[in-house]
Amino acid sequence: MDTVDDIATKQEEFEQDGRAPVVAIDNVYKSFGNLKVLNGISLSVARGETLAVLGRSGTGKSVLLRLIIGLNQPDSGSIRIGGQDITGLPMDQLGLIRKKMGFLFQHAALYDSLSVAENVAFPLRHHRREMSGSERDDRVRKLLAEVGLENDIEKMPSDISGGMQKRVGLARALALAPEILLLDEPTAGLDPISSGEIDELILKLQREHQMASIVVTHDMFSAKTIASRLALLDQGSVVIEGTFEDLRQSDIGFVKEFLMHS
Amino acid sequence: MSDLALGESRDTRTQVQVQPAMPAPAAAHSIALLINRFFEWFGELGIFFWKVARAAVTPPFEGRELLRQLDEVGSKSLPLVALAGAAIGVVISLEARYSLSRFGAKSMFPATLVYSVIQVMGPVITGLVVSGRVGAGIGAELASMKVTEQIDAIEACAINPYRLLAATRIVACILMLPLLTIAADACGLLTGWFAQALVEPLSFHQFIESGFHGATFNAFLPPTFKTAVYGLIIGLIACFQGMRTRGGAEGVGRAATNSVVLASLFLILADVVLVKFILVVFP
């Protein structure tokens, strides 16, 4: 079994080879009891690329993100992050890889006993212990300013709206300057202007940091804006993967119906 | 000639409904399921304990969170524990005086009160009070975090939730229970003496000298420090119940209730074993 040092070495070697996909999901199956959620999914995302994953509710999109971050284990198949197969890795070794990922949960999952600022500072406090208090505060303020919440620093999660909570969750996901961003419905519950601002932010991060992103969304407009590729799921399988134009020109009935109702 | 057909009874004719007993195979299956769930629970608890123990002894250590939990478990439980100890002191004082008077052994009162409070009632009452307050609090807090994905968010941030959430709370309970027990004992002895002194003059100095006459550390330290085991039971069960919760608000309520009930039950069962252990090892 690889040690933590082995994983760090492999990650460095991988980063020097810019060709391989940063996230590679290969023939992954996942069931919960008798319910088959993912049925042989294969997807990949390269550095600087954004993949939007779309589909009806309950088709396993959020489960896919949970498998990538390692919160659930696939029944079979492999998930490679930076060339390292993460399936079955123990928590301390998985932690090394998770530090390079940022995850935005569907309902933000903010720590309700901490303020907005403390929520964003949480990963910094644990993983950037060399940072002084003022450096950490500056970073937190900068992150909250990027999501438009610089005036809500001392508020508690229960004092802000669901959309604002989502933006705090995004700021927290960006705290460690991740190389891979996983976003579960980032614009759900946001007004059109705020949604547009989040889309702009994701595009900016992609340009500046060459981040690889996987975005689960129902928002076709947002998907078209931020994603270089889209993957449409149905009954746990990828029906079609490609650009928005590829989807638009597809003859597959489910794809046409999905686009028609979007 | 009987008007009843072969095999027919008067009872059948009058249509008395007799509920059939549960078929034996179904009853056996239900019992088997219960036994299975019983051992499954212990198995999962064992795995949870192993994960927490490993996380507790590997860096990085969560000192800040541990300090917060020491305050939460210790300082905030102190008033309640002190009150419970004080009440127990009065109860034992009243009961002991009555019983000892009947047998002409009033002079044994100080020793009776001291030994009863420090060796038996102080530790158990402290354990049960803390189980109720802290056990329910930890169970509900962690259950609420579980159903709102906050524990998943901690894990996604590459922070070990067994170390941050469970180990800190369990260590805090282990460290604080003996100290809280000492506080409960002190309050119990004080109020017990006071209740007696109201009826018959007895100076506090006389009471202490008489109560602790001939006593050794072996008589009082093991019963006090056995409460560290109570702390382990309370913290472990509350964290386990909280972190495996499912089912929204109902699940949170169930976790809080189960934390208190199971922790209290195991605490009392553990006391049986610990008392025997102490009697053998510290005669």
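In what sense do strand 4 and strand 5 of chain A pair, and over how many bridges? To see this in the viewer, keep in mind that the model is predicted, and start with chain A.

**Stop 1: the sheet in chain A**

Select residues 76-81 of chain A, which make up strand 4, and add strand 5: the two pair in the antiparallel sense over two bridges. Within this pair, Arg80(A) stands opposite Asp85(A) of strand 5. Now widen the selection to the open sheet, where four strands of chain A run in the order 2-1-4-5 with antiparallel pairing. Strand 2 (35-45) and strand 5 (84-85) are its edge strands, each pairing on one side only.

**Stop 2: Phe105(A)**

Next, select Phe105(A), in the loop that links strand 6 (101-104) to helix 4 (116-127) of chain A. Is Phe105(A) buried or exposed? Phe105(A) has 27 other C-beta atoms within 10 Å, and because the cut-off for burial is 20 or more, this residue counts as buried.

Show its contacts beyond four places in sequence: Gly169(A) and Asp184(A) in chain A, and Glu149(B) and Ala153(B) in chain B. Asp184(A) lies 79 residues from Phe105(A) in sequence, yet their C-alpha atoms are 5.4 Å apart.

**Stop 3: where chain A touches chain B**

Select the residues of the contact between the chains: 15 belong to chain A and eleven to chain B. On the chain A side, helix 3 (91-98) and helix 4 each supply at least two residues. Helix 4 gives the largest share, four residues. By class, the chain A side has nine nonpolar, four polar and two charged residues.

**Stop 4: the largest nonpolar core**

The largest nonpolar core has 138 residues. Select Val53(A), Val120(A), Leu182(A), Ile234(B) and Cys239(B), the members with the most contacts inside it. Helix 7 of chain B (residues 161-199) provides the largest share of this core, 17 residues.

Centre on Ile234(B). Leaving out residues up to four places away in sequence, Ile234(B) touches Val130(B), Ser131(B), Val134(B), Gly135(B), Cys173(B), Ala263(B) and Leu267(B).

**Stop 5: chain B as a whole**

Finally, show chain B alone as a cartoon, with its eleven helices and zero strands. Its radius of gyration is 26 Å, well over the 19 Å that the globule rule gives for 283 residues, so chain B is more spread out than a compact globule. Along its principal axes, the C-alpha trace of chain B spans about 90 × 70 × 35 Å. Colour by burial, and 40% of the 283 residues of chain B count as buried. Of the chain B contacts with a separation of 6 or more, 88% join residues 24 or more positions apart.

Terms used:
Residues numbered from 1 in each chain as written. Chains lettered and ligands numbered in written order. Predicted model: local features only at pLDDT ≥ 70, side-chain atom pairs only at ≥ 80, totals over all residues. Buried ≥ 20, exposed ≤ 12 C-beta atoms within 10 Å, placed from the backbone. Contact = placed C-beta atoms within 7 Å. Nonpolar A, V, L, I, M, F, W, Y, C, P; charged D, E, K, R; others polar. Core = buried A, V, L, I, M, F, W, Y, C linked by C-beta atoms within 7 Å. Pairing = 2+ DSSP bridges. Rg over C-alpha atoms; globule rule 2.2 N^0.38 Å.
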